[in-house]
Amino acid sequence: MELILDTANVEAIKYYQQVLTIDGVTTNPTILARENRDYHEVIKEIMEVLHEDQSLHIQVVSTDVDGIVREGKVINQLRKNTYAKIPCTKEGFQAMKQLKQEGY
């Protein structure tokens with residue numbers, strides 16, 4: 001079993017790292033928006049808090065195939081154990097197929 005926190009709150013991540021053995025963090029645009037801070041700054045801080053072996057799952061914001069593919073590539077290259085979350089929509093499935101064909 002893996003324990004993955006569903007949050008973008010850096011202080012909560014720090015707290016739970018002291019209390020539990022967490023395997024990673026997952027987030028999405030809605031959760032990130034609740035932080036009322038710059039999306040990129042929050043992601044950067046989360047990456048700084050996580051250990052290299054802890055995973056980070058970040059959902060794309062784009063809704064068109066090209067945008068999802070572009071964001072997916074960027075997210076997957078941020079650091080080791082970072083994964084793009086892609087919504088299960090027609091465009092999302094097309095983007096997943098393209099990313100898979102390109103080795104992501």
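**Exercise 1. Locate the salt bridge between Lys 14 and Glu 11 relative to the helices, and state how exposed each partner is.**

Solution. Both Lys 14 and Glu 11 belong to helix H1 (residues 10-19), where they sit three residues apart, about one turn of the helix; helices here are DSSP runs of H or I with at least four residues, strands are runs of E with at least two, and both are numbered from the N terminus. An α-helix has 3.6 residues a turn, so residues three or four places apart point the same way. The closest N and O atoms of Lys 14 and Glu 11 are 3.5 Å apart, which satisfies the criterion for a salt bridge (a side-chain nitrogen of Lys or Arg within 4 Å of a carboxyl oxygen of Asp or Glu). Lys 14 is partly exposed at 38% relative accessibility, while Glu 11 is exposed at 55%, given that buried means under 20% relative accessible area, exposed over 50%, and partly exposed in between (1.4 Å probe, protein chains only).

The model is predicted, so local features need pLDDT of at least 70 and side-chain atom pairs count only at pLDDT 80 or more, whereas totals for chains, interfaces and linings use all residues. Residues are numbered from 1 along each chain as its sequence is written, and side-chain values use heavy atoms, with hydrogens and water left out.

**Exercise 2. Count the salt bridges, and determine which parts of the chain are tied together by Lys 80 with Glu 52 and by Lys 73 with Glu 102.**

Solution. The count comes to four salt bridges. One of them joins Lys 80 to Glu 52, with the closest N and O atoms 3.5 Å apart. Because Lys 80 lies in the loop between helix H4 (65-76) and strand E4 (82-85), and Glu 52 in the loop between H3 and E3, this pair ties together parts that are 28 residues apart in sequence. Glu 52 is exposed, at 56% relative accessibility.

Lys 73 and Glu 102 form another salt bridge, with the closest N and O atoms 2.7 Å apart. Since Lys 73 lies in helix H4 and Glu 102 in the segment after helix H5 (90-101), the pair ties together parts that are 29 residues apart in sequence. Lys 73 is partly exposed at 25%, and Glu 102 is partly exposed at 39%.

**Exercise 3. Identify the buried residues of H4 and what covers them.**

Solution. The buried residues of H4 are Val 65, Gly 67, Ile 68, Val 69, Glu 71, Gly 72 and Ile 75. Their cover includes E3, E4 and H5, where contact means heavy atoms within 4.5 Å.

**Exercise 4. Describe the surroundings of Gln 54 and of Thr 27.**

Solution. Gln 54 is placed in the loop between helix H3 (39-49) and strand E3 (55-59), and at 6% relative accessibility it is buried. The Gln 54 side chain reaches the backbone nitrogen of His 51 at 2.7 Å. Apart from residues up to four places away in sequence, Gln 54 touches Gln 17, Ile 22, Asp 23, Gly 24, Arg 79 and Asn 81.

Thr 27 lies in strand E2 (residues 24-27) and is buried, with a relative accessible area of 0%. Leaving aside neighbours within four places in sequence, the contacts of Thr 27 include Asp 6, Leu 32, Ile 43, His 57 and Lys 85.

Notes
A polar contact is a pair of N or O atoms within 3.5 Å; within protein, one must be able to donate a hydrogen and the other to accept it, and residues adjacent in sequence count only if both atoms are side-chain atoms.
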